[in-house]
Amino acid sequence: MAKQDYYQVLGIKRDAKPDEIKKAYRRLARKHHPDVNPGDKSAEERFKLITEAHDVIGDEKKRKVYDRFGQYSDNLAEAASRGATPGSGAGGGRTAPGFDFEGFDWGAAGAPGAGSTSGGGSSFRDIFSDLFGGSAAKQEREPPRPQPKRGKDIEMPLALSFEESITGLMTNITVNRSEQCTRCNGAGDTGGSIVTCSTCKGSGQVQRAGGRLKFSQECPDCGGAGKRRQPCSLCKGSGLLPKNETVKIRIPAGVDTGSRVRIAGKGEGGRMGAPPGDLFIITNVGRHKHFTRKGDNIYVTVPLTVPEAALGAKIEVPTVEGKAQLRIPPGTQSGQKFRLRERGVPSLRNPQLRGDQFVEVQITLPDVISEETKELLKRYAQLNSENPRITMGLE
Ligand SMILES: [Zn+2]
Ligand SMILES: [Zn+2]
């Protein structure tokens, strides 16, 4: 940034007397003070520059350094005064060119001029007391600075198919999250003037509805102080900027409805350098045509023909990972269950482990029975004439 000439900034001649400097400064400071121009960034910049110029030109010693080098810094002052009266430069380092309004100490700012005899270093506080009727004293009570705060977690539902819940899934989702404001670093302000908090209208409390009840809560934007610094113009004081982010997520194999999958650092942004919250994906698993799930076990029912049940057979059964062979022993009854070990769902806790699959068989008859089959069944009935309901006391 090109340095502006301090004399030009104050609108005075190079040989201006201390009185003229003071007068020029008062006039300009009154015009550009942030309290008079709330929210006006350029006025604030202007005010900083005027104050910076006055701090140098209004101080006899610094002015000499400035006149000689065309700029002022502590190093130049030291170089110029080497061998000069010790102690006379005490406190002279307060006003470096990189003047920072935010860190400005309203009470002590007059001190640098204390050693000068010309009267050019009149107390900064004095000037503001008479400019604003003592309001400078009030300014010393700062609203509390916002503290670093980890971002909130976000929960997002995700629907996935039964198959995807078994195999796991890599996918991209769009998350409506936020990030720390780049302009104020999550503070919500950039150290401007103190204004009444617009969120709570100065009361320090906000109303929050919880069901049919209303709660009073400490205002989140001013921490209950009712006053805050002029909100950051970029984030409007929240300290956060909204961000629609595409996030790559990995859903592990074995999730069920209601599983919470954590995606670290993809929650709401943190404030004042604190880390962001996490994103939690809450899974909702769809139904399957054939399989049902209980814990990590899978249940399926398969039909069996009469000869397969009676004579035994080797049949194919579906599993979540394709077909499997199942041996049906002779004399199998309808409703009998068979276990296929480790053909169930991978365990979320230990991917090496799997649940089992249970196959329930159901004996079915063909839809249409031919005359020949009827003859065979009649013969079958003659051969097997015992009553299966005899244990129920039925004839
Ligand atoms: Zn508030
Ligand atoms: Zn901001």
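Let me begin with a term: two strands are said to pair here if DSSP finds at least two bridges between them. With that in hand, the sheet I would like to start from is an open one of 4 strands, in the order 10-11-15-14, and its pairing is mixed. Its edge strands are strand 10, residues 292-294, and strand 14, residues 337-340, each of which pairs on one side only. On average, and ignoring direction, neighbouring strands of this sheet are turned by 35° against each other.

Please keep in mind throughout that this is a predicted model. The mean pLDDT of the chain is 82, with 83% of its residues reaching 70 or more. Over residues 84-140, however, the pLDDT is below 50, although this stretch does have 81 contacts in the model beyond near neighbours in sequence.

Staying with the sheet of 4 strands for a moment, strand 11, residues 297-305, and strand 15, residues 357-364, run parallel and are joined by 8 bridges. If you want one place to look on screen, take Tyr299, whose bridge partner in strand 15 is Phe358.

There is also an open sheet of 3 strands, ordered 1-9-8, again with mixed pairing. Strand 1 (154-160) and strand 8 (260-263) are at its edges with a single partner strand each, and therefore one side of each has no neighbour in the sheet. From one strand to the next, the twist in this sheet averages 30°. Between strand 1 and strand 9, residues 279-285, the pairing is parallel and extends over 7 bridges; within it, Pro157 has Ile282 of strand 9 as its bridge partner.

Let me turn to the helices, and to helix 3 in particular. What should the 17 residues of helix 3 span at 1.5 Å a residue? The expected figure for residues 41-57 is 24 Å, and because the end C-alpha atoms are 24 Å apart, the model agrees with it. Several residues of this helix are buried, including Glu44, Phe47, Ile50, Ala53 and Ile57, and the polar residues Glu52, His54 and Asp55 are on that list as well. As for what they pack against, the buried residues of helix 3 meet helix 1 (6-10), helix 2 (18-32), helix 4 (60-69) and strand 3 (189-196).

This brings us to the largest nonpolar core, which has 16 residues, and in which Tyr6, Leu10, Ile50, Ala53 and Ile57 have the most contacts. Helices 1, 2, 3 and 4 each supply at least two residues of this core, and helix 3 gives the most, with 5 residues. In soluble globular proteins, nonpolar side chains do tend to be buried together. Ala53 offers a convenient way into the region, since, once its neighbours within four places in sequence are left aside, Ala53 is in contact with Tyr6, Val9 and Leu10.Finally, I would draw your attention to two loop residues and their backbone angles. Most residues other than glycine have a negative phi. Asn185, which is not a glycine, nevertheless has a positive phi of about 55°, and this residue is found in the loop between strand 2 (169-180) and strand 3. Is Asn185 buried or exposed? Asn185 falls in between, as partly exposed, with 15 other C-beta atoms within 10 Å. Met272 likewise has a positive phi, near 55°, and its place is in the loop between strand 8 and strand 9. Met272 has 16 C-beta neighbours inside 10 Å and so counts as partly exposed.

Notes
Residues are numbered from 1 along each chain as its sequence is written. Chains are lettered from A and ligands numbered from 1 in the order in which they are written. This is a predicted model: local features need pLDDT of at least 70, side-chain atom pairs count only at pLDDT 80 or more; totals for chains, interfaces and linings use all residues. The expected span of a helix is 1.5 Å times one less than its number of residues. A residue is buried if 20 or more other C-beta atoms lie within 10 Å of its own, exposed if 12 or fewer, and partly exposed in between; C-beta atoms are placed from the backbone. Two residues are in contact if their C-beta atoms, placed from the backbone, lie within 7 Å. Axes are lines fitted to C-alpha atoms, for helices over the stretch in contact, and angles run from 0 to 180 degrees between N-to-C directions. A nonpolar core is a set of buried Ala, Val, Leu, Ile, Met, Phe, Trp, Tyr and Cys residues joined through C-beta atoms within 7 Å. pLDDT is the predictor's confidence in each residue, from 0 to 100.
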